[in-house]
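Work through the exercises below with the sequence and the model open. Each task is followed by a solution in steps.

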Amino acid sequence: MELRESYINNWATIVIAFCLLLLVIAKWIYKSEFYHLLSAAISNRYIKVSRNENPNHGLRIITVTVYTIGLALWITKLSFTEGQLLLDFKTFTLILTGLTIFILAKRYFSMMIASLMKFDEILELIEYHRNTYRAVLGILLIIVNLLIYYTFHDSIVAVRLISIVSIFMFVIYNFIILYTYSKSLLQHSFYFILYLCALETAPYLLLYKYIMLSRAY
């Protein structure tokens, strides 16, 4: 049992340390913009100002990478807690691979459909807004993972409660995005409903199916 916990702590510690290293690099390279980016957690001012300028895409890439890795760690732990998957590095890499493919494919299919349906400019604003929130949520996920992997690693109730609070915050941020652009989106109501069904609902069902299928491996 002690050897197993040591193994889990070893690979999880390396992954979390890597995420922290990426954030340190981002803070060192982009300095003041990094702090402005984090201010998006409580205010839309940075998003409104920076979306019309030429933001550093490198900062977005680093923070979204941290978000994706953190999300994969969280899903791995939650799936193990619910008795669905093993808590090992192989499971984590399978989930991380699926998440990465999911985010990239969803992004490019969204751009393609939005271009065909003539609301690509709105989608670009939504994606910019979403990636900014992902940067904030990426840091939140590091805290969440530290709690569920170390502080409350043996408590099923604590892991579930922390996960419920995290999911609630994810929902809130997505609701803010939809509400912010609701007037613009309603001008393309038919195509937007089609977009929601095809690229905002179905992909998550496919991702869930992928995670469940990974149990066989």
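**Exercise 1.** State which helices help to cover the buried residues of α7, and list those residues.

Solution. The model is a predicted one.
Step 1. The cover over the buried residues of α7 includes α4 and α6.
Step 2. The buried residues in α7 are A158, V159, I162, S163, S166, F170, Y173 and I177.
Step 3. An α-helix has 3.6 residues a turn, so residues three or four places apart point the same way.
Step 4. Helix α7 covers residues 156-180, 25 residues in all. From its first C-alpha to its last it reaches 36 Å, close to the 36 Å expected at 1.5 Å a residue.

**Exercise 2.** Decide whether T180 is buried, partly exposed or exposed, and find how far T180 is from I126 in space.

Solution.
Step 1. T180 belongs to helix α7.
Step 2. The relative accessible area of T180 is 37%. Buried requires under 20% and exposed over 50%, with partly exposed in between, so T180 is partly exposed.
Step 3. In sequence, T180 and I126 are separated by 54 residues. In space they are 9.0 Å apart, C-alpha to C-alpha.

**Exercise 3.** Describe how α4 packs against α6.

Solution.
Step 1. Helix α4 spans residues 57-81 and helix α6 spans residues 120-151.
Step 2. The angle between them is about 40 degrees, and their axes are 7 Å apart.
Step 3. Angles under 35 degrees count as roughly parallel, and 65 to 115 as roughly perpendicular. The two helices, α4 and α6, are therefore oblique to each other.
Step 4. Their crossing, α4 with α6, is left-handed.
Step 5. The residues of this contact comprise 14 nonpolar, seven polar and three charged.

**Exercise 4.** Describe how α5 packs against α6, and give the make-up of the contact.

Solution.
Step 1. Helix α5 (residues 89-116) packs with α6 at an angle of about 155 degrees, the axes being 8 Å apart.
Step 2. An angle over 145 degrees counts as roughly antiparallel, so α5 is roughly antiparallel to α6.
Step 3. From α5, the contact uses I103, K106, R107, S110, M111, A114 and S115. From α6, it uses D120, L123, E124, E127, R130 and R134.
Step 4. Sorted by type, the residues of the α5 and α6 contact are four nonpolar, two polar and seven charged.

**Exercise 5.** Summarise the chain as a whole: its elements, its buried share and its contacts.

Solution.
Step 1. There are nine helices and zero strands in the chain.
Step 2. Of the 217 residues, 43% are buried.
Step 3. Among contacts between residues at least 6 apart in sequence, 78% join residues at least 24 apart.

Conventions:
Residues numbered from 1 in each chain as written. Predicted model: local features only at pLDDT ≥ 70, side-chain atom pairs only at ≥ 80, totals over all residues. Heavy atoms only, no water. Axes fitted to C-alpha atoms, helices over the stretch in contact; angles between N-to-C directions. Helix = DSSP H or I, 4+ residues; strand = E, 2+ residues; numbered from the N terminus. Left-handed = near helix turned anticlockwise from the far one by under 90°. Nonpolar A, V, L, I, M, F, W, Y, C, P; charged D, E, K, R; others polar. Expected span 1.5 Å × (residues − 1). Buried < 20%, exposed > 50% of the residue type's maximum accessible area, 1.4 Å probe, protein only. Contact = heavy atoms within 4.5 Å.
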